[in-house]
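Subject: A structure to look through

Hello,

Here is the structure I promised to hand over. Please open it alongside this email, and then read on for what turned up.

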Amino acid sequence: MKKLSFILLFISFHLFSQEIEHIDPPFWWTEMPTKELQIMLHGENIGAHDPVIDYEGVVLKSVSKLPNTNYLVLNLTIDESVAPGSFQIELKEGKKTRKQITYELKARTNDTNRNLGFDASDVIYLLMPDRFANGDPSNDTVKGMLEAADRSNPNGRHGGDIKGVSDNLDYIKDLGMTAVWLTPTFENDMMPSYGAYHGYAATDLYKVDRRFGSNEEFKSFVEKCHSMDMKVIMDMIHNHVGDQHWWMKDLPSDDWFHDREEYGTTNFRGEVQSDPYASQYDLDKLQKGWFVAEMPDLNQRNPILAKYLIQNSIWWIEYSGVDGIRMDTYVYPYKDYLADWVSEVMTSYPNFNIVGEAWVEKVGHEAYWQEDKEGENDGYDSKLPSVTDFQIMFALDQALTEDFGWKNGLSKLYYAISQDRLYSGPMKNVVFIDNHDTERFFTKMGEDPDLFKMGYAYLMTIRGIPQVYYGIELMLANDPVNGDGRKRADMIGGWPEDKRSVFTQEGRTRQENEAFEYVKRLTNWRKSSAVIHNGKLTHFIPENNTYVYFRHTEDEAVMVVMNRNENEVEMNRDRFAEILDGYSKGVNVLDNSTIDVTSNFKVGPKQTAIFELKR
């Protein structure tokens, strides 16, 4: 009998002395826009307990016990009157308290210089922290993490980090950039063979990867950006996580992820979501198929998971002060979930902005994902303010590399932009000419500096919110290697062992400095050009391998002339009289040269000329 009592005592001690492995979210705030709070507890056999909370203003509404007894989900209501402080979550077995967890409710900051959103007055600088600069070599290898830095592997981790970006914010600001978008900084503790330096295979959604820094460093980075009048856009992923995520090691429930054996790999056809004739088979493949074998596909139809993901976004917004979110693989998850997510975020932070990555092939498919005009589409309202405008990128690639014709060359830009009626807010579209998933723009242009400049000038003057990809200011081309690493080269000088630094004029080559000065001048000009931020767009059908458009208000106008010809062309002034009447000259924003716009004028070969019109 004594032996049995000892065994029972040992079992009881073992069960209740286990540490809680995860508490998500790790803390919360008082006076939040929503009173509801879901807390997920994870630890050995924690689901066998009955939680009790005795704290004025905090009500335990319900408890969700998952099939896996290592999980316990608490659904709380936080009253508006609750003061900042801590309360105890008691885990009971019958009348006995087996464990107490201290949970903190912090005071919300009264800082108004945060969660600012982003709009057409901004220029977004997209970078990959791992490839930008290594500000802290001591975190290149972290004990207990699966992959260390190895710059000899173009598709592996290289050691860049948040400190490296922070140390070079002056460089980014000097270029004229007003917002910084970092590819995901979540913990990606994946196997080295996968190469999760990019951040899109999260293994913990509440932690910054220690090889990038810490949660505190990320928050300090955002605060530093704000002090320099720059915004920060956080990259998130709700479609999938990495296969080394702690959920995969201890599944909360059988329906937490979609079954790869049943649905296989996604079909990557985002168009299916808006297709009125789509088969259920195709829709299931898109929504439930895995992106790759190392990225388990999340099932947002599980209400606990859906709440977890939505709350995680709100936690990061409140904690860090970021100004916007770019949501990866936006067209893959359930679209009703996405609308709920956007609605909760935007209701909580009305000045915020979200852009969804909608990589689809046609304007109509793209426009479907932007918040609806009343009565349009199929009854689905995404609530989403901004979409990534892939159609502009596709059109520009062809506009500058194809021979001109009725359907080809510069005509492609006309056909793309003339469909803007399909968007509810085309000025909110994020426009770009390359990013971390595409070939670099300079490579797509056959490494022709003139075509590169033509494309960049177009990006800086067309409607929408421009996003540029790190290294474009150097006319960086693809590296001659296989894999995605070819378009994600290190910024030379970002590592202590580099022999030169592109972050300085002296360290750049002649060609790099030429590109740098071009990008800097044009971007800084755009930064102060209200007519580009807010002006109407009027364009004229491309003729003779030229394309002319205007950005204008009642008080000012900018004329943009794209000449893809190898020779100078004379433009017929009368064709543009509806805009030019009342103006006498145009001042070139790059070299301050002038043209007389009261008569025909000439534009040089292979250039996008930008003229501020003067009366």
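A salt bridge here is a side-chain nitrogen of Lys or Arg within 4 Å of a carboxyl oxygen of Asp or Glu. Glu566 and Arg564 fit that description, because their side chains come to 3.7 Å, N to O, and the cut-off is 4 Å. Please keep in mind that this is a predicted model.

The two partners in that bridge sit in contrasting surroundings. Glu566 is exposed, with a relative accessible area of 57%, whereas Arg564 counts as buried at 15% relative accessibility.

How many salt bridges does the structure hold? The count is 40, and a few of them are worth a visit. Glu514 and Lys453 meet through their side chains at 2.7 Å, N to O. This pair links distant parts of the chain, with Glu514 in helix 16 (residues 510-527) and Lys453 in helix 15 (residues 449-461), 61 residues apart. Glu514 counts as partly exposed, at 31% relative accessibility.

Another salt bridge joins the side chains of Glu543 and Arg575, at 3.6 Å, N to O. Here too distant parts of the chain are linked: Glu543 belongs to strand 19 (residues 536-543), while Arg575 is in the loop between strand 22 (569-571) and helix 18 (577-580), 32 residues apart. Both ends are partly exposed, Glu543 at 38% relative accessibility and Arg575 at 25%.

There is also a network to find: Asp437, Glu439, Asp484, Arg486, Lys487 and Arg488 are joined into one by salt bridges that share partners.

Now for the aromatic rings. A pair of rings is described by the distance of the centres and the angle of the planes. The structure has 43 aromatic pairs. In one of them, the rings of Trp29 and Trp315 have their centres 6.2 Å apart and their planes at 50°, so the pair is tilted. Trp29 lies in strand 2 (residues 28-29) and Trp315 in helix 9 (residues 303-320), so the pair ties together parts that are 286 residues apart in sequence. Are these two residues buried or exposed? Trp29 is buried, with a relative accessible area of 6%, and Trp315 is buried as well, at 1%.

Phe390 and Phe394 form a tilted pair too, 6.0 Å centre to centre with 40° between the planes. They are 4 residues apart in helix 12 (residues 390-401), which means that about one helical turn separates them. Both Phe390 and Phe394 are buried.

Two rings have a charged neighbour over them. The charged end of Arg157 sits over the ring of Phe212, 5.6 Å from its centre. Over the face of Tyr583 lies Arg615, at 4.3 Å from the ring centre.

Finally, the cavities. The structure holds 6 cavities of 30 Å³ or more, and the second largest has a volume of about 50 Å³. Which residues line the second largest cavity? They are Trp29, Glu31, Met32, Thr34, Lys35, Ile78, Asp79 and Glu80. That lining divides into 3 nonpolar, 1 polar and 4 charged residues. Trp29 therefore appears twice in this email, in the lining of that cavity and in the tilted pair with Trp315.

Enjoy exploring, and best wishes!

Note on methods
Residues numbered from 1 in each chain as written. Predicted model: local features only at pLDDT ≥ 70, side-chain atom pairs only at ≥ 80, totals over all residues. Heavy atoms only, no water. Phe/Tyr/Trp six-rings, centres within 6.5 Å; stacked < 30°, edge-to-face > 60°. Helix = DSSP H or I, 4+ residues; strand = E, 2+ residues; numbered from the N terminus. Buried < 20%, exposed > 50% of the residue type's maximum accessible area, 1.4 Å probe, protein only. Lys NZ or Arg CZ within 6 Å of the ring centre and 35° of its normal. 1 Å grid on protein atoms, 1.4 Å probe; cavity = no way out; pocket = protein on both sides within 12 Å on 5 of 7 lines; lining within 4 Å. Points joined across faces, edges and corners; volume = space filled by probe spheres on them. Nonpolar A, V, L, I, M, F, W, Y, C, P; charged D, E, K, R; others polar.
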